[in-house]
Amino acid sequence: MTMRSLTPSQLIACATGCSDDHLIDIGRHRVHAQIADDFKALQQAAKKAGFSLAIASSFRDFNRQSAIWNAKFSGKRPVFNKQQVAIDLSTLTDIDKCHAILLYSALPGASRHHLGTDIDVYDEAAIAADYELQLNPHEYSETGPFALLTAWLDNNLKAYGFYRPYQDDLGGVSPEPWHISHIKQSQIMCSQITLEVIENQIKCSDLLGKEAIVKHLPTLFNRYVTNVAPMPI
Ligand SMILES: [Zn+2]
């Protein structure tokens with residue numbers, strides 16, 4: 001299905017992780033149909049440069065993101081601070097739990113992984129087969145296994161139509177050098193995600209802490225959803 005055949009309401013459902021009509025398969029993963037060619041071209045160029053650009057994570061639907069959220073909110077899954085130390089959420093208020101989780105995990109409904117245009121990448125050739133991928137800043141730093149890939153992506157992402165929305169610390173989502181986004185298509189998908197759309201979706205959800213989320217939604221939305229690196233020109 002091409003994006004042109006989606007109605008406005010279907011497009012909103014796609015952008016908020018409630019539909020997979022915008023996706024196609026690429027290997028074992030699914031991505032937005034309109035970015036597959038550009039991603040394959042990026043992979044080919046990376047291959048020529050000696051990398052094996054692999055997908056760690058691409059599309060996640062609303063239910064999957066909600067499960068991650070609820071596992072973190074209830075303490076079943078660790079929540080890390082910027083120093084990569086697991087923190088004790090049990091002493092925090094609901095809104096402070098939200099802030100702690102949002103440093104690394106998106107609000108369900110407003111995750112860029114719903115869009116299909118955003119992919120977490122790593123270099124499969126730089127690690128052993130039994131290496132357990134963490135997706136943490138150290139792995140992508142100058143002393144980590146993906147240092148060379150990071151430098152290559154710095155210089156080549158834009159030419160293939162991609163950029164990093166979480167390149168720098170803007171006081172919201174922590175920097176994620178592994179997370180790349182298709183410039184043009186993510187813009188189209190992001191334009192579907194309004195405060196009103198997300199508020200309605202959160203209200204109808206089973207998310208833990210949803211009263212606190214709804215009460216503080218404008219603040220959370222500005223700090224963690226729209227607060228990303230500017231699109232490259
Ligand atoms: Zn990501």
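# A tour from helix H9 inward

Start by selecting Pro218, Thr219 and Asn222: these exposed residues sit on the face of H9 turned away from its buried side. Keep in mind that this is a predicted model.

**Turn H9 over.** Now select Leu217, Leu220, Tyr224 and Val225, which are buried. Look down the helix axis: the buried residues of H9 fall within an arc of 75°, so they line one face of the helix. What do the buried residues of H9 pack against? Show H4, H7 and helix H8 (210-215); those are the partners.

**Step to Leu107.** Leaving aside neighbours within four places in sequence, Leu107 is in contact with Leu102, Leu220, Tyr224 and Val225. Three names return here from the buried set of H9: Leu220, Tyr224 and Val225.

**Show the core.** The largest nonpolar core has 27 residues. Which residues have the most contacts inside it? They are Leu107 and Leu220. Colour the contributing helices next. H1, H3, H4, helix H6 (183-190), helix H7 (195-203) and helix H9 (217-225) each supply at least two residues of this core. H9 gives the largest share, four residues. Then pick out Phe59, Leu153, Phe162 and Trp178: they are included in a second, separate core of 20 residues.

**Select H3, residues 62-73.** This helix has twelve residues. From first C-alpha to last it reaches 16 Å, close to the 16 Å expected at 1.5 Å a residue. Highlight Phe62, Gln65, Ser66, Trp69, Lys72 and Phe73, which are buried in H3. Viewed down the axis, the buried residues of H3 lie within an arc of 130°, so they line one face of the helix. Bring up helix H4 (94-102): the buried residues of H3 pack against it. Before leaving, click Gly75, just after H3. Gly75 takes a positive phi of about 85°.

**Go to Leu11.** Its place is in helix H1 (residues 8-15). Is Leu11 buried or partly exposed? Leu11 has 18 C-beta neighbours inside 10 Å, and being buried takes 20 or more, so Leu11 counts as partly exposed. Not counting residues up to four places away in sequence, Leu11 touches Leu6 and Gln192. Now draw a distance from Leu11 to Leu115. The two are 104 residues apart along the chain, and their C-alpha atoms are separated by 9.9 Å.

**Find the sheet.** Four strands form an open sheet in the order S3-S4-S6-S5, with antiparallel pairing. Which strands are at the edges? Select strand S3 (53-57) and strand S5 (162-163); each pairs on one side only. Then move to strand S4 (residues 118-123) and strand S6 (residues 179-182), which pair in the antiparallel sense over three bridges. For one bridge, select Asp118 and its partner in S6, Ser181.

**Zoom out.** The protein has nine helices and six strands. Its C-alpha atoms fill a box of roughly 50 × 45 × 35 Å along the principal axes. With 233 residues, a compact globule would have a radius of gyration near 17 Å; the protein has 17 Å, which agrees. Colour by burial, and buried residues make up 35% of the 233. Last, consider contacts between residues at least 6 apart in sequence: 66% of these join residues at least 24 apart.

Notes:
Residues are numbered from 1 along each chain as its sequence is written. This is a predicted model: local features need pLDDT of at least 70, side-chain atom pairs count only at pLDDT 80 or more; totals for chains, interfaces and linings use all residues. The expected span of a helix is 1.5 Å times one less than its number of residues. A residue is buried if 20 or more other C-beta atoms lie within 10 Å of its own, exposed if 12 or fewer, and partly exposed in between; C-beta atoms are placed from the backbone. The arc is that of the directions from the helix axis to the C-beta atoms. Two residues are in contact if their C-beta atoms, placed from the backbone, lie within 7 Å. The radius of gyration is taken over C-alpha atoms; the globule rule is 2.2 Å times the number of residues to the power 0.38. A nonpolar core is a set of buried Ala, Val, Leu, Ile, Met, Phe, Trp, Tyr and Cys residues joined through C-beta atoms within 7 Å. Two strands pair if DSSP finds at least two bridges between them.
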